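Reader: Could you take me on a close look at the place where the two chains meet? I would like to know which residues and elements take part.

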Amino acid sequence: MSFSSEYFDTKIETMPINELKELQLKKLINITRHAYYLSPYYHKLMSDSGVAPEDIKSFDDFRKVPVFGKDDLRAEMATTGDPHGGILGCSMEEVCNTFASTGTTGAPTFMAYTKNSKEEMAEAMVRYLWMCKARPGMLTIFPGASFHWYLGFSMNALSYIPMRLILIGIIHPVTISLFYDAIQRFKPEYFIGGVLDILLALEDECSKRNVEPSEVLSCMEYIYSPAGEYITPETRKKIMKWGIKDLFETGGLGDGIEVIAECSEHNGMHCWMDKWYIELVDPESKEPLGPGERGEYLTTNLFSKGSMYVRFATEDFAEIIPERCNCGRTHNRLRVFDRVSWILKVSNKNVTPTEIRLTLEKIPETSLGAFTVMKYDEKMTSLKIKVAYNPEITKDLKELKERVESHLKEELGVDPEVELVKFEDLSFSFHKIQRVVDLTKEQA
Amino acid sequence: MEGEKILEKMEKTFYNPIIEKLPRNKLKEIQFKKLSIKLRQIFESSELLHKKFSDAKIKPEDIKSLEDIKKIPLISKSDVERRVTDGDPFGGTLCVDFDSSIHVIGPKFPMADVPMYKPITFDDLQWLINAFTRYWVMIGINQGDRVLMNMPSTHIDQLLSTATLIPKVTHGASERLKCLVLTNEGLLDLLIPRGLNTANYFKPSTIFMPQSYIATFENALNNLKLTPENLQLKSIVLVDDKESLSLTDRKKWSEKFGINIYSRISIIENLFSATDCKEINGLHAWEDLYIVESVDPESGEPVSMGETGKLTITNLFAEAAPLIRFVTDVEVSLDDEVCECGRTHIRIFPKKYEEMEGDD
């Protein structure tokens, strides 16, 4: 591996897909066996459904393993008082670090690492960071939040490469003055923690001091966004104007100890197949889907023997991009849309707000991607939607409405009823656009 | 009964027994040797030190004994700040190439007018982890214990407790002692309930937190209807960079919670810390790693043992930016009598440490 090479580990990153799948299956069988014999929760779950690890010899067989979700985990934690809910695959003495999840959807859950899973995770992170152009010796700004499973572990990976770290603040605009001072003083080349909130706050800080962002921020070559809010194409263009070479977005899950990241193609996020096994299922029935369909994704962590995740329902709606990526990596790519709880049912199809936004962003007059869906029923026959248009470049409202409707129908396969409105006339909750207005609740 | 005997023995252990109980005359020999070496190492590379020596017309060779240390002019925070404002982010203290693998610890929040950035190398971290582990054993953290670190994420203590910064080649304090470390973001005190939720599941024996959070901690306990007993908590370490709690306050919290309250002073500018031992009779500082003085800032002369002066620290181990005779604005008195715990290293008494309510 040379410093100028594209891949950190060429062999694994460009492994032919058949070989990769064989490797994945071996690991899958191994981890399932480990979970069955060493983890109380999985033992009970699998034996109750009559599944023995010896029965699992192929990916199809693996579907016999029952699915479980975050709520099951929380219920187990509440009844047994065990912080790990019985999914620990090792003894407590072997656990060296425990992190808590952010707890946005309820009580936080805990992720335990053993010495081995720490090293495996660091290896996965190093490959991602290298993919996002992190190189040895780069001066990097790195925020705190060592309590968090993602950042607490990135420090590990960063020292492997190795990068020179400046440890500053936390990922929250409240510490933005610390970030600004460090960037302006040290001129770092890499910035980890560039989530949308922070980037916008940085821009704000520059304008408060009457300084052009490009003057101060152009020293940064690459920005890495650890699992934050989606950065729209408009915002991305604005940030690139600062003089940045590239901006990488990543995603991940605490429960599942999983990280996914995009490469320089910016077309979906890679997920290393020797570390995680991803499946797509129908959000309600948990049955496998046909090819090309979008659904909830299940993750199986192939290396973690601390907190084990086998067929864990992530509550995220996604699709797997089948084509091989232009970057040369053969590992599958995911495009994650929304949380399953935000899915709208239109004529037996599942539609999510993110899919709608991505479609609208492609049309110049509606490129802001601002809209509000009027959810008039749990099961709708048509998608009633208010879409904001840009009056400066719109010539014919009727023509635009037809064009928007035909795009939506083509991309999402549903019948839309579009009402074109000015941006201010959308529904707002404080300063945020309400993506979905639930009329069913208001009627009740 | 066997288990109790083992625990009793463990309670009296030392992490580095020879050094921690070394007779004072031998400690001073080590200090002088390290000081001479350090001065020679950094005289050319540390701009600030070189200037201070030139202004006082002295050279490293002129320091022929530990007493000669008072010939060395004091370095104050404003000396460094002046140079930071002039453009050198480390204020003339950096002794190694910035391109070598050093990490930089960022300033405290909320940011001061002139922020202080502290560079550290891998070896600096190793020394600090060793010192930190000695403190853990000193306050009775044993194998298999759980420790909740509730400090700001960029605080040095968070970095030393577990090997998240440099894995594989070094172990943090928790790995050395086979403890489980739980971390919570301690930058803002409103995040304490989150830490308590974790504590409720894992029952840590010790919690490290900034001194100013103790009242918020009590409120959070009450709101969540928890007690230190539910949490199986044995001690809390309160960390500050200027002052300790007064004796009255310490007794008050200790009795209220039914646990030990240990104080800890942590001065990042010179990678220094000092912590209570079980006797809670002064904060021990490791004298094989630091020279600790209490000085009259006007004259630069050390005050007599037991008298109050400004805490002045000389760092004997750091590579990246060691400071010689760094004077702080922490008011302390010192005691060099051997402690009841058996350790011979000096004890620091911050001004309020022995204050009782009603004292004049």
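Author: Happy to; what follows is a walk across the interface of chain B and chain A. Please keep in mind that this is a predicted model.

Let's start with the extent of the contact. On one side, 43 residues of chain B touch 44 residues of chain A. Together the two chains bury about 3,700 Å², and carbon and sulfur atoms account for 64% of that area. Looking at chain B alone, Thr164(B), Arg194(B) and Tyr201(B) provide 17% of what this chain buries against chain A, more than any other three residues.

Next come the polar and charged pairings. The rule finds two salt bridges across the interface. One of them joins Glu175(B) to Lys118(A), with the closest N and O atoms 3.2 Å apart. There are also nine residue pairs in polar contact between the chains, both residues of each pair being at pLDDT 80 or more.

Which elements of chain B give two or more residues to the side that touches chain A? They are β2 (102–105), α7 (156–161), β5 (180–183) and α9 (192–202). Of these, α9(B) gives the largest share, with five residues. By residue type, this side of chain B divides into 23 nonpolar, 13 polar and seven charged residues.

Finally, β2(B) is worth another visit. This strand pairs with β5 of chain A (residues 164–168) in the parallel sense, over two bridges. Within that pairing, Ile105(B) is the bridge partner of Leu167(A).

Technical notes:
Residues are numbered from 1 along each chain as its sequence is written. Chains are lettered from A and ligands numbered from 1 in the order in which they are written. This is a predicted model: local features need pLDDT of at least 70, side-chain atom pairs count only at pLDDT 80 or more; totals for chains, interfaces and linings use all residues. Side-chain values use heavy atoms; hydrogens and water are left out. Contact means heavy atoms within 4.5 Å. Buried area is the accessible area (1.4 Å probe) that two parts lose on being put together, summed over both. A salt bridge is a side-chain nitrogen of Lys or Arg within 4 Å of a carboxyl oxygen of Asp or Glu. A polar contact is a pair of N or O atoms within 3.5 Å; within protein, one must be able to donate a hydrogen and the other to accept it, and residues adjacent in sequence count only if both atoms are side-chain atoms. Helices (H or I, at least four residues) and strands (E, at least two) are DSSP runs, numbered from the N terminus. Ala, Val, Leu, Ile, Met, Phe, Trp, Tyr, Cys and Pro count as nonpolar, Asp, Glu, Lys and Arg as charged, and the others, Gly among them, as polar. Two strands pair if DSSP finds at least two bridges between them.
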